[in-house]
Amino acid sequence: MHGTRRVLVAADKFKGSLTAVQVARRVTAGLRLVVPDVEVESLPVADGGDGTVAAAVAAGFERHEVRVAGPLGEEVTAAFAVRGETAVVEMAEASGLQRLPDGVLAPLSSSTYGSGELLRAALDAGARTIVFGVGGSATTDGGAGMLSALGARLLDGTGEPVPPGGGGLAELASADLSGLDPRLAGVELVLASDVDNPLTGPKGAPAVYGPQKGASPEDVAALDSALTHYAKVLQDAVGPKAAECAAAPGAGAAGGIGYGALLIGARFRPGIEVMLDVLGFGTALDRADLVITGEGSLDEQTLHGKAPAGVAAAARAAGKEVVAVCGRLALPPEELGRAGIRRAYALTEAEPDVALCIAEAGPILERVAARIARDFLV
């Protein structure tokens, strides 16, 4: 018998089946089936990708909605979150894959203009610190759309604005950043991402992430060439900083929006680290004896800066025991152990039918959480 144990549930979403808030609710319900009076604190987490604003709102930030341009220019309603002078902006809210009309991919023409409008809305709301979570983007435009929305002028040879999207940057003849929103100079902008790729080249945004956004091998080559040209034109406009930013870790995040953010003074930090700070994870961790983290798939990618790895690392440093829940588990126990996770519980262990696991994720997760309670709380 362990005596009274306080549990902190700090899990990410199970993509496609449960939000992070729903995961926390189901885990809590499952634990209480076995230990009715267990103290549970919920802190849904995210690593900067989609779900980041929802995690901030669950932690007490105020949700703000604004109409902005979607990736292909059509208006969408996007949300950001504010607490005091800190705003959490998620680029996927404006420029994410889920914002493409009818889900039709547009690797050459989708733009980050709406993400720039979201940043402007955060400035309008009085933010002095902006956590800019990037991931899940539909775009590969190097942040050109975002810069345009913030006041940059990116012109072709005839003095007209270049067409939207990464493909249009091949026509870029001149760049003028003198009209950027002056408020940016007085703001701490944090680029929160789990991706440390440079802008171009074999590890760059087009080569590594372009295919996920529908880019053919020809499109990848065209985008890489256009982004290389874009960085060169920006170097003519702002000097060597443009080349330094293009090669810097995080420049290739979210189709190169990281590059645009670094150019305007953002500081790159691993997304989960930033979000744990912003969400107040440290103080919640102090109160806990057992931490339950997780995400839809615990796999090799998890170990490279995803939310459960960040939660486990912080919890291990504080000497707390960590277990994980997931839809599917693709890591051996020794890998989990190295990441600081004592044991992982997959829905597919409780229900081998994967389709059923996705459809019935909530009730199955409750059963799994009841097993955790039996193993760790009684």
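Tyrosine 230 and tyrosine 259 are both buried, and they make a good starting point for a walk through this predicted model. The structure holds one aromatic pair. The ring centres of tyrosine 230 and tyrosine 259 lie 5.7 Å apart with their planes at 75°, so the pair is edge-to-face, a label given to planes over 60 degrees apart. Distant parts of the chain are linked by this pair: tyrosine 230 belongs to helix H7 (residues 217-238) and tyrosine 259 to helix H9, with the two positions 29 residues apart in numbering.

Let us look at what surrounds the pair. Leaving out neighbours within four places in sequence, tyrosine 230 is in contact with Tyr259 and also with Asp141, Gly142, Gly143, Ala144, Leu147, Leu154, Leu169 and Leu172. In soluble globular proteins, nonpolar side chains tend to be buried together. Here, the largest nonpolar core has 55 residues, and Ile130, Phe132, Tyr230 and Tyr259 touch the most other members. Helix H9 gives the most to this core, with seven residues. Another core lies apart from it and has 39 residues, including Met275, Leu276, Leu298 and Ala315.

Helix H9 also turns up in the largest pocket, which has a volume of about 1200 Å³. At least two lining residues each come from helix H9 (253-263), strand E10 (267-270), strand E11 (290-298), strand E12 (321-329), helix H14 (347-350) and helix H15 (354-359). The lining counts 43 residues, and those nearest the pocket centre are Lys15, Asp47, Asp194, Gln301 and Lys306. By class, the lining has 13 nonpolar, 18 polar and twelve charged residues.

Now for some backbone details. Most residues other than glycine have a negative phi. Two residues with a positive phi are set side by side here.

| Residue | Phi | Place | Relative accessibility |
|---|---|---|---|
| Aspartate 102 | near 60° | loop between helix H3 (91-95) and helix H4 (113-124) | 79%, exposed |
| Alanine 254 | near 50° | helix H9 | 11%, buried |

Aspartate 102 counts as exposed because its 79% relative accessibility is over 50%. Alanine 254, at 11%, counts as buried because that value is under 20%.

One more aspartate deserves a look. Is aspartate 181 buried or exposed? With a relative accessible area of 12%, aspartate 181 is buried. Its place is in the loop between strand E8 (174-176) and strand E9 (188-193). Not counting residues up to four places away in sequence, aspartate 181 touches Arg120, Leu123 and Leu150.

Terms used: Residues are numbered from 1 along each chain as its sequence is written. This is a predicted model: local features need pLDDT of at least 70, side-chain atom pairs count only at pLDDT 80 or more; totals for chains, interfaces and linings use all residues. Side-chain values use heavy atoms; hydrogens and water are left out. On a 1 Å grid over the protein atoms alone, a cavity is a set of points where a 1.4 Å probe fits but cannot get out, and a pocket is an open set with protein on both sides within 12 Å along at least five of seven lines; lining residues have an atom within 4 Å of a point. Grid points are joined across faces, edges and corners, and a volume is the space filled by probe spheres set on the points. Helices (H or I, at least four residues) and strands (E, at least two) are DSSP runs, numbered from the N terminus. Ala, Val, Leu, Ile, Met, Phe, Trp, Tyr, Cys and Pro count as nonpolar, Asp, Glu, Lys and Arg as charged, and the others, Gly among them, as polar. Rings of Phe, Tyr and Trp (its six-membered ring) pair if their centres lie within 6.5 Å; planes under 30 degrees apart count as stacked, over 60 as edge-to-face and the rest as tilted. Buried means under 20% relative accessible area, exposed over 50%, partly exposed in between (1.4 Å probe, protein chains only). Contact means heavy atoms within 4.5 Å. A nonpolar core is a set of buried Ala, Val, Leu, Ile, Met, Phe, Trp, Tyr and Cys residues joined through side-chain atoms within 4.5 Å.
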